[in-house]
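Got the viewer open and a selection box ready? Here is a short tour, stop by stop.

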Amino acid sequence: MAKYGVIDLGTNTFHLLVVEKKRNGSFSEIYRERIFVKLAENGIEKIGALPFQRGLDALKKFNKIISDFDLKELKTFGTAALRTASNGPEFVARVKAETGIQIALIDGNEEARLIRKGVAMAVDMYNYPGMIMDIGGGSVEFIIANSTQTFWAQSFPIGVAVLFKKFHKSNPISEQELI
């Protein structure tokens, strides 16, 4: 059976999923891991030195793991932090040089399309429209879709890490921050 891998490089978390395609066309999960990298720890405009290194280390670990599987194909997607950060392209180049993993930087529209596709594979969707909302660290995607089509999808750069960095200045939250 053919095995496939996907790596999702989110703003806060990197995910690795390895699946095996069954004879009936469905997929069976054979490996899953997530590593909290927090790329936007120092802000989403530029990946800080420590988050940059954590990201590289995570992908080196994933690379070792996937070498144990005979993958037919591996797809790696970079989302909000990597498409926004000024040194995102440098990160992509370093990953390629040090691991051989090729990262595809995707825009918010493609991210929304892939989210909808993943949800449709995991959840029974209906013939009437419903809303999917993906709250990430660097962006939030809203998708209105049914079981066969997407009616509307939009990505907004208002993820949890972005909002936290912009509005949360003290711990606990001060009276001034509440106003």
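Start by selecting Asn87, which sits in the loop between helix H2 (80-84) and H3. Is Asn87 buried or exposed? With 8% relative accessibility, Asn87 counts as buried, because the cut-off for that label is under 20%. Show its contacts next: apart from neighbours within four places in sequence, Asn87 is in contact with Lys46, Ile47 and Phe52. Keep Phe52 on screen, since the tour comes back to that residue. One caution before moving on: this is a predicted model.

**Zoom out**

Now display the whole chain as a cartoon. You should find six helices and eight strands. Follow the trace along the sequence and the order reads β-β-β-α-β-α-α-β-α-β-β-β-α-α. The C-alpha trace spans about 60 × 45 × 25 Å along its principal axes. If you colour by burial, 37% of the 179 residues in the chain come up as buried. Switch on the surface and you are looking at about 10,700 Å² of accessible area, with 55% of that belonging to carbon and sulfur atoms.

Two more views for the whole chain. Of the contacts with a separation of 6 or more, 52% are between residues 24 or more positions apart. Then colour by charge: there are 23 positive and 20 negative charges, and their mean positions are 4 Å apart.

**Helix H1**

Select residues 49-66. That is helix H1, with 18 residues. From first C-alpha to last, H1 reaches 26 Å, close to the 26 Å expected at 1.5 Å a residue. Which residues of H1 are buried? Show side chains for Pro51, Phe52, Gly55, Leu56, Ala58, Leu59, Phe62, Ile65 and Ile66. To see what these buried residues pack against, add strands E1 (3-9), E2 (13-21), E3 (27-36) and E4 (71-78), plus helix H3 (88-99).

**Rings**

Hide everything but the aromatic side chains. How many aromatic pairs does the structure hold? The count is six. Take Tyr31 and Phe69 to begin with: the ring centres are 6.1 Å apart and the planes stand at 55°, so this pair is tilted. Tyr31 belongs to strand E3 while Phe69 is in the loop between H1 and E4, so the pair ties together parts 38 residues apart in sequence. Check the surface around Tyr31 as well: that residue is partly exposed, at a relative accessible area of 24%.

Next, go back to Phe52 and add Phe91. These two make an edge-to-face aromatic pair, 5.2 Å centre to centre with 85° between the planes. Phe52 lies in helix H1 and Phe91 in helix H3, so this pair ties together parts 39 residues apart in sequence. Both Phe52 and Phe91 are buried. Add Phe14 to the selection, and you have a cluster of Phe14, Phe52 and Phe91 linked by ring pairs.

**The loop between E3 and H1**

Three stops here. Pick Lys38, which is found in this loop. What is the phi of Lys38? About 55°, a positive value although Lys38 is not a glycine. At 44% relative accessibility, Lys38 counts as partly exposed.

Move along to Asn42, also placed in the loop between E3 and H1. Asn42 has 44% relative accessibility and counts as partly exposed. Leaving out residues up to four places away in sequence, Asn42 touches Gly48, Pro51 and Lys165. For a sense of distance, draw a line to Thr76: the C-alpha atoms of Asn42 and Thr76 are separated by 23 Å, with their positions 34 residues apart along the chain.

The third stop is Ile44, again in the loop between E3 and H1. Ile44 is buried, with a relative accessible area of 13%. What does Ile44 touch? Not counting residues up to four places away in sequence, the partners are Thr11, Ala80, Ala81, Thr84, Ala85, Gly138 and Val162. Pro172 is 128 residues from Ile44 along the chain, and their C-alpha atoms are separated by 23 Å.

**Last stop**

Finish at Leu178, in helix H6 (residues 175-178). Leu178 is exposed, with a relative accessible area of 59%. Draw one more line, to Lys46: the two C-alpha atoms are separated by 28 Å, and the residues are 132 apart along the chain. Lys46 should look familiar, as one of the contacts of Asn87 from the start of the tour.

Notes:
Residues numbered from 1 in each chain as written. Predicted model: local features only at pLDDT ≥ 70, side-chain atom pairs only at ≥ 80, totals over all residues. Heavy atoms only, no water. Helix = DSSP H or I, 4+ residues; strand = E, 2+ residues; numbered from the N terminus. Expected span 1.5 Å × (residues − 1). Buried < 20%, exposed > 50% of the residue type's maximum accessible area, 1.4 Å probe, protein only. Contact = heavy atoms within 4.5 Å. Areas by Shrake-Rupley, 256 points an atom, 1.4 Å probe, with all protein chains shown as cover. Lys, Arg positive; Asp, Glu negative; His and termini not counted. Charge placed at Lys NZ, Arg CZ, Asp CG, Glu CD. Phe/Tyr/Trp six-rings, centres within 6.5 Å; stacked < 30°, edge-to-face > 60°.
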